[in-house]
Amino acid sequence: MAKTPPVNDWKTDYDIFDPGYVRDPLPVWNELREGCPIAHTDRWGGSWLPTRYEDMQAFVRMVPELSSKEPLVVPPQELDPDSEHAEVAAPPITSDPPTQIPIRRMILPFFTPKAVALHRPDTEALCHGLIDEFIDKGSCDGAVQYAQQIPPRVIANMMGIDPNRSADFVEWVRGILEIGLTDPEIRLKYRSIILNFFSDLVQERRQNPGDDLISQLIACELEGEPVTDRTVIGMCNLLLIAGIDTTWSSIGSAIWHLAGSPDDRSRLVNEPDLFPTAIEELLRFYSPVTMARVCQKDIEVGDVTFKEGDRVLMNFPAANHDPAAFDRADEVVLDREKNRHIAFGVGIHRCAGSNLARMEMDVALRVWMERIPEFELSDPDAVTWAGGQVRGPRNIPIRF
Ligand code: HEM
């Protein structure tokens with residue numbers, strides 16, 4: 001990633017890629033929330049950074065004034081208008097109503113709790129298989145060898161694509177959301193790879209439909225018309241991108257947390273009924289996803305004015321640490337009863353895959369705690385974090 005000058009004033013010049021901020025953004029959010037709840041920067045194409053829960057709840061409802069057409073936190077580069085993929089977006093996350101509504105409706109039935117439960121046994125077997133590979137060594141990288149391996153295989157199975165290509169999928173998705181976020185050439189390269197991959201698959205499934213998600217999407221109607229290939233390719237693009245880094249980050253953050261917290265580890269071992277509330281709390285505390293909106297007109301919010309064309313970051317992670325919305329906001333409280341977190345967003349774009357993400361986290365953490373109840377970081381300085389659009393640990397050296 002390109003090096004940028006250090007931040008002197010977070011209120012007017014924040015840097016979402018500052019290494020210290022990526023590692024631990026809480027001190028910055030707390031300072032901003034007190035003194036400048038909506039900060040601004042000219043870095044990375046310019047943006048606004050809200051930090052209050054109440055503001056986030058209001059901003060997600062400002063539709064269509066705050067548009068989702070460009071939800072990346074760094075503005076995307078111009079696409080070659082002649083490229084075959086120039087008009088392929090990632091609906092519904094890149095669309096506003098009215099287009100967004102029927103596309104979202106098309107996706108939701110595949111991600112109900114009942115639909116997702118069908119994938120639980122395979123996910124359990126997958127997690128056990130991953131642990132079998134390193135348990136005898138007494139050490140592993142909890143991000144690379146465990147958390148990162150789960151979501152690409154689960155979504156590949158759902159989509160009927162080869163789960164053994166999971167390393168490719170991770171590389172492609174990081175090429176868009178992580179490494180390519182600040183490098184337009186890399187981002188375009190991986191966008192092309194993903195869209196070509198799904199373009200071929202959609203052709204193939206039209207010829208030979210199966211019972212997988214892609215074949216079922218192809219068979220759907222959108223507002224009374226057969227769905228177009230371009231829309232299906234865009235949706236597949238989104239499902240791959242939205243399902244991998246996000247869930248990997250949440251599982252990884254949870255493992256990183258537990259490695260450093262013997263009390264929380266022993267609570268989960270001794271009180272397994274705590275898993276559901278513990279998972280919500282870990283989702284809240286380590287919320288990975290920040291999205292962007294682009295203003296369609298000038299909007300006054302308190303003493304700041306968002307100008308038409310300005311980018312506003314939907315800082316769900318900071319909102320989840322607002323003491324006005326959560327008691328002991330900066331503590332992990334595994335049995336937190338009242339937890340209206342917005343890690344999955346809120347409003348019309350709320351995560352369509354949240355049931356799947358929760359199932360994956362639940363299985364990943366239960367299997368890990370059953371097999372490896374005692375563990376710790378072997379080299380805390382070797383832990384690495386990614387941030388920007390999706391924040392989470394990318395290396396977690398662990399011994400047990
Ligand atoms: C812990 C893991 C996850 C987190 C924290 C997360 C978070 C989010 C957030 C914050 C949004 C809202 C975007 C916005 O307001 O612009 C979103 C949307 C979405 N997510 Fe997730 N997500 C996760 C996992 C998944 C998975 C596993 C899938 C499916 C494979 C998925 C599919 C989607 C889709 C399709 C949307 C777009 C919904 C719409 O625009 O109507 N997500 N997610």
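**Note on the ligand shell and the packing around α13**

1. In this predicted model, 28 residues surround the ligand, and those that come nearest are Gly243, Gly345, Cys351, Gly353 and Ala357. By type, the shell around the ligand holds 19 nonpolar residues, eight polar ones and one charged residue.

2. Which helices supply at least two residues each to this shell? They are α5 (100-107), α13 (229-259) and α17 (354-371). The largest share comes from α13, with seven residues. The next points therefore stay with α13, as the helix that gives the shell its largest share, and look at two of the helices packed against α13.

3. Two packed helices are described by the angle between their axes and by the distance between those axes. For α11 (residues 184-207) and α13, the axes come within 9 Å and cross at roughly 125 degrees. An angle between 115 and 145 degrees is classed as oblique, and α11 and α13 are therefore oblique to each other. Their crossing is right-handed.

4. On the α11 side, the contact with α13 is made by Ile194, Leu195, Phe198, Ser199 and Val202. On the α13 side, the residues are Asp229, Val232, Ile233, Cys236, Asn237 and Leu240. Eight residues of this contact are nonpolar, two are polar and one is charged.

5. Helix α9 (residues 150-159) also packs with α13, here at an angle of about 150 degrees and with the axes 8 Å apart. Angles over 145 degrees count as roughly antiparallel, so α9 is roughly antiparallel to α13. The crossing of α9 and α13 is right-handed.

6. From α9, the residues in this contact are Ile150, Pro151, Pro152, Ile155 and Met159. From α13 they are Cys236, Leu239, Leu240, Gly243, Ile244, Thr247, Trp248 and Ile251. Of the residues in the contact of α9 with α13, eleven are nonpolar, two are polar and none is charged. Gly243 of α13 belongs to this contact and is also one of the residues that come nearest to the ligand. Cys236 and Leu240 of α13 take part in the contact with α9 and in the contact with α11.

7. As for the whole chain, it has 17 helices and 14 strands. Its radius of gyration is 21 Å, close to the 21 Å that the globule rule gives for 400 residues, so the chain is as compact as a globular protein of that length. Along the principal axes, the C-alpha atoms fill a box of roughly 55 × 55 × 40 Å.

Notes: Residues numbered from 1 in each chain as written. Predicted model: local features only at pLDDT ≥ 70, side-chain atom pairs only at ≥ 80, totals over all residues. Near = placed C-beta within 6 Å. Helix = DSSP H or I, 4+ residues; strand = E, 2+ residues; numbered from the N terminus. Nonpolar A, V, L, I, M, F, W, Y, C, P; charged D, E, K, R; others polar. Axes fitted to C-alpha atoms, helices over the stretch in contact; angles between N-to-C directions. Parallel < 35°, antiparallel > 145°, perpendicular 65-115°, else oblique. Left-handed = near helix turned anticlockwise from the far one by under 90°. Contact = placed C-beta atoms within 7 Å. Rg over C-alpha atoms; globule rule 2.2 N^0.38 Å.
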